Every structure is written in C-alpha cells, then in structure tokens.
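Me: I've got a structure up on my screen and a handful of questions about it. Can we go through them one by one?

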Amino acid sequence: MKIHEYQAKQLFRQYNIPVPEGNVAFSVGGAKEATQNIGSFPVVVKAQIHAGGRGKGGGVKLASSMDEVQTVANEILGMTLVTHQTGPEGKLVKKLLIEAGQEIQKELYLSFLVDRATASVVIMASQDGGMDIETVAEKTPERIIKVHVDPLLGIQGYHIRQVAFGLKMPPVAMKQFGALLSNLFRLFVENDCSLVEINPLILTSTDKVLALDAKVDFDSNALHRHKELIGLRDLDEEDPLEVEASGYNL
Ligand code: ADP
Ligand code: MG
C-alpha cells in the first residue's frame, strides 16, 4: 500500500526522523493558512500524488510571498500532473503539501527495501541524490552503495559507518545521520514496510540532515497487523480494478 509524502513525513516525525516543517492543504485557502503556520518564506508548494518525478513535471514550486503561494497553489491544485511514474494519462492533484523552504548544501539518495534473495533489508545510498535512481543505477552503478542488514541482528554501528563513509558524510553530521538510519530501520521493520525511499536526503547549509522527500510503501499482506495504517489509504490514487478486488479480499 502506498501513501502520500505528507503522511510518510508524519510517520517520520513519530520516529524522530527530521523533516521540514509543513502542512497538508486541500484548497488555496488551506495553502495560505498552512503558509501562515510556517511563518517564514520561502515555502515550497508540493503536489501530493502517489508518484515521483513531480518536480520535473511542474508539481513542486517555490513561493516567496503570500501572493506567490496563492498563484502557485492555484496552478497546481486541479492540474493533471504527468511524470515518468504516472504514465501518459497523469494524475489529478487534489492535495498539496506546504513546506518550509530549505537551503540545500548537498542532495543524497537513501532507501531501505526488502531483498528476498538474501532475506535481508538492503540499504541503498548514493551521493547522486535528487536524480532518478534508475538512471544512476544504469549509467554509474558504482555510485550506489548497498549494505545488507540481517533483520534478526538489526542495524549495527558497522552498517551505519559503511553507509556514512560511502556518502562522504561530514564528521559534524555523523551523529545525526547514525540516529536517522537507526530510526528509519525501526520504522521499516515495525510497520512491515516494503520500501522507504528518501530522495533527496539533504545536508542543509548548517550541516543538518533532513528528509526532503519521503516515499513509504507497506507490505499489503501484513496490513492486518496494522489497523492504525489502514486510514492512510487513499482510494482516489489507486487503480479502480485493484480497489474493487481488495473489496473482495483478493
Ligand atoms: P519529486 O521527487 O517527486 O520530484 P521532491 O520532493 O524530491 O519531489 O522535490 C523535487 C526537488 O525539489 C528536490 O530534489 C529539491 O531540490 C526541491 N525541494 C523539495 N522540497 C523542498 C524544500 N522543502 N525546500 C527546498 N527545496 C525543496
Ligand atoms: Mg524526490
């Protein structure tokens, strides 16, 4: 089961994984209210759909004043956003995330996924954050680090060091990054995730580590153990045939 970025970031907050301040909005008025709550500019207005590549498709925009928030929110809400992940028909945008704009020093890539072949959790990381990871994997596979974690042993210091050194994490950010990896591992296992992807994970201009994007997929076969997650499902985003099938427990 997929969820939206704003929901994934809410889950991150529960696990002390740092994310920018932000709020979801369902209307232009709501976007202005969310901006007021943040209390400073610039803010970033982000389309909430179950697909990535929103930035390139025009679904992520910076706004430096309340007027700009109004214009940009108006533009994005109700647009049919086409990205490389939506297919040519695109997806109608019904929700926005209004988020505090960050000063980015470096964009990194980080994901956790289940590797069935080795029955482990694999951490993938790359210094080429913000880019399409499939392209990095195809053109420069040596720039992707993979670290396997045995779920019975859990994440250990040596796993963290391997990922951190691979990303050339500066020493000042090591402690934060270690905590982030441990917390993310706990989130992944406790919620029966099949994928958690942060692209980009950033180093801010003040050396803070922050999840700027968040993608979380849950293993649908394990959802019966997580009644609290079922409310996060957005049927609007799913294939109507799949929705109908799941109504019959198929
Ligand atoms: P997508 O992956 O769907 O394109 P992202 O959330 O990764 O969407 O946003 C695309 C890009 O927009 C990011 O790589 C980053 O450069 C920029 N961006 C996103 N959120 C923020 C933010 N809060 N502050 C500054 N820049 C941002
Ligand atoms: Mg992204």
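Me: How much space lies in the second largest pocket?
Reply: Keep in mind that this is a predicted model. The lining of this pocket is made up of 13 residues, with Ser220, Leu223, Arg233, Glu238 and Ser246 nearest its centre. The space in the second largest pocket comes to about 420 Å³.

Me: And by class, what residues are in the lining of the second largest pocket?
Reply: Ser220 and Arg233 are among the residues nearest the centre. Sorted by class, the lining has 4 charged, 4 nonpolar and 5 polar residues.

Me: OK, now the largest pocket: which residues lie nearest its centre?
Reply: About 980 Å³ of space lies in there, and 42 residues line it. Elements giving two or more residues to that lining include strand 2 (43-47), helix 4 (133-139), strand 10 and strand 12. By class, the lining has 18 nonpolar, 11 polar and 13 charged residues. Nearest the centre lie Gly53, Arg54, Asn199, Pro200 and Asp213.

Me: Which residues coordinate the magnesium ion (ligand 2)?
Reply: One donor is an O atom and the other an OD atom, at 2.1 Å. The pair links distant parts of the chain, 14 residues apart: one residue is in strand 10 (residues 193-204), the other in the loop between strand 11 (209-211) and strand 12 (215-218). Both residues are buried. They are Asn199 and Asp213.

Me: Is histidine 4 buried or exposed?
Reply: Histidine 4 is found in the segment before helix 1 (5-14). Leaving aside neighbours within four places in sequence, its contacts include Gln48, Ile49, His50 and Lys95. Buried means under 20% relative accessible area, and histidine 4 has 0%, so it counts as buried.

Me: Which side chain makes a polar contact with the side chain of histidine 4?
Reply: Asp234 and Glu237 are both in contact with histidine 4. The polar contact, at 2.8 Å, is with the side chain of aspartate 234.

Me: What about asparagine 23: why is it called partly exposed?
Reply: Asparagine 23 lies in strand 1 (residues 22-25). Beyond its neighbours within four places in sequence, it is in contact with Ala34, Asn37, Leu96, Leu97 and Ile98. Partly exposed covers values between the 20% and 50% cut-offs, so asparagine 23 fits because its relative accessible area is 31%.

Me: What distance separates the C-alpha atoms of asparagine 23 and alanine 119?
Reply: Along the chain, asparagine 23 and alanine 119 are 96 residues apart. In space, their C-alpha atoms are separated by 37 Å.

Terms used: Residues are numbered from 1 along each chain as its sequence is written. Chains are lettered from A and ligands numbered from 1 in the order in which they are written. This is a predicted model: local features need pLDDT of at least 70, side-chain atom pairs count only at pLDDT 80 or more; totals for chains, interfaces and linings use all residues. Side-chain values use heavy atoms; hydrogens and water are left out. Donors are N, O and S atoms within 2.8 Å of the metal (3.2 Å for Na, K and Ca); water is not among the atoms, so sites may look incomplete. Helices (H or I, at least four residues) and strands (E, at least two) are DSSP runs, numbered from the N terminus. Buried means under 20% relative accessible area, exposed over 50%, partly exposed in between (1.4 Å probe, protein chains only). A polar contact is a pair of N or O atoms within 3.5 Å; within protein, one must be able to donate a hydrogen and the other to accept it, and residues adjacent in sequence count only if both atoms are side-chain atoms. Contact means heavy atoms within 4.5 Å. On a 1 Å grid over the protein atoms alone, a cavity is a set of points where a 1.4 Å probe fits but cannot get out, and a pocket is an open set with protein on both sides within 12 Å along at least five of seven lines; lining residues have an atom within 4 Å of a point. Grid points are joined across faces, edges and corners, and a volume is the space filled by probe spheres set on the points. Ala, Val, Leu, Ile, Met, Phe, Trp, Tyr, Cys and Pro count as nonpolar, Asp, Glu, Lys and Arg as charged, and the others, Gly among them, as polar.
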